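This report walks through a single protein chain, beginning with its overall form and ending with a few individual residues. Please keep the sequence and the 3D view at hand while reading.

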Amino acid sequence: MAYRVEVDQDLCISSGKCISDLPTVFAFDDDQLATVINTDPAIADALLLRLARNCPGQAIILHDENGELINLDG
Ligand code: SF4
């Protein structure tokens with residue numbers, strides 16, 4: 001994974017979508033907010049991009065290897 005993935009928990013609406021799509025990376029914490037549990041480099045950037053775009057709270061934040069924010073609208 002070249003992308004670095006984070007969840008902005010202030011935006012997470014606890015839909016569970018990212019967790020059902022990729023349970024090896026996302027999980028609910030004790031407050032039922034998504035959190036990143038694994039940053040396996042084998043996970044494809046394209047998959048992370050799709051999940052970030054499909055997040056109903058726009059809470060999944062991606063940065064590239066240089067720390068630049070990935071534009072999810074592209
Ligand atoms: S898809 Fe988005 S809103 Fe839903 S649980 Fe994951 S981070 Fe939260």
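## Overall form

The radius of gyration used here is taken over C-alpha atoms, and the globule rule sets the expected value at 2.2 Å times the number of residues to the power 0.38. For the 74 residues of this protein, a compact globule would have a radius of gyration near 11 Å, and the protein has 11 Å, which means that the two values agree. The model is a predicted one, and this should be kept in mind throughout.

Taken along the principal axes, the box filled by the C-alpha atoms of the protein is roughly 30 × 25 × 20 Å. The accessible surface of the protein comes to about 4,500 Å², and carbon and sulfur atoms account for 47% of that surface. Of the 74 residues, 36% count as buried, where buried means a relative accessible area under 20%.

## Helices, strands and contacts

The secondary structure of the protein consists of 2 helices and 4 strands. When the chain is read along the sequence, these elements follow the pattern β-α-β-β-α-β.

How are the contacts spread along the sequence, if we consider those between residues at least 6 apart? Among these contacts, 50% join residues that are at least 24 apart in sequence.

## Charges

The protein carries 4 positive and 13 negative charges. If the mean position of the positive charges is compared with the mean position of the negative charges, the two points turn out to be 9 Å apart.

## The nonpolar core

In soluble globular proteins, nonpolar side chains tend to be buried together. In this model, the largest nonpolar core has 21 residues, and those with the most contacts inside it are L22, F26, I60 and L62. At least two residues of this core are supplied by each of β1, α1, α2 and β4, and the largest share, 4 residues, comes from α2.

Which residues does L22 touch, once those up to four places away in sequence are set aside? On that count, L22 touches I43, L47, L48 and L51.

## Two loop residues with positive phi

Two residues that are not glycines have a positive phi: S14, at about 60°, and Q58, at about 50°. S14 is found in the loop between β1 (4–7) and α1 (17–21), whereas Q58 lies in the loop between α2 (45–54) and β4 (60–63).

Is Q58 buried or exposed? With a relative accessibility of 57%, Q58 counts as exposed, because exposed means a value over 50%. S14, with a relative accessible area of 30%, is partly exposed. Q58 can also be located by its distance from K17: these two residues are 41 apart in sequence, and their C-alpha atoms are 12 Å apart in space.

## Around H63, R4 and I70

H63 lies in strand β4 and, at 13% relative accessibility, counts as buried. Not counting residues up to four places away in sequence, H63 touches A2, Y3, R4, E6, E68, L69 and I70. R4, one of these, lies in strand β1 and is partly exposed, with a relative accessible area of 40%. Leaving aside its neighbours within four places in sequence, R4 is in contact with I61, L62 and H63.

I70 lies in the segment after β4, and it counts as buried at 17% relative accessibility. The residues that I70 touches, again without those up to four places away, are Y3, L49, L62, H63 and D64; among them, L62 is also one of the residues with the most contacts inside the largest nonpolar core. I70 and R4 are 66 residues apart in sequence, while their C-alpha atoms are 9.7 Å apart in space.

## D73 and R50

D73, like I70, lies in the segment after β4. At 73% relative accessibility, D73 counts as exposed, whereas I70 counts as buried.

The position of D73 can be described relative to R50, since the two are 23 residues apart in sequence and 11 Å apart in space, C-alpha to C-alpha. R50 can be placed relative to R4 as well: these residues are 46 apart along the chain, and their C-alpha atoms are separated by 14 Å.

Key
Residues are numbered from 1 along each chain as its sequence is written. This is a predicted model: local features need pLDDT of at least 70, side-chain atom pairs count only at pLDDT 80 or more; totals for chains, interfaces and linings use all residues. Side-chain values use heavy atoms; hydrogens and water are left out. Buried means under 20% relative accessible area, exposed over 50%, partly exposed in between (1.4 Å probe, protein chains only). Contact means heavy atoms within 4.5 Å. Accessible areas come from the Shrake-Rupley method with a 1.4 Å probe; for residues, only the protein chains shown count as cover. Lys and Arg count as positive and Asp and Glu as negative; His and the chain ends are not counted. The place of a charge is taken as NZ of Lys, CZ of Arg, CG of Asp or CD of Glu. A nonpolar core is a set of buried Ala, Val, Leu, Ile, Met, Phe, Trp, Tyr and Cys residues joined through side-chain atoms within 4.5 Å.
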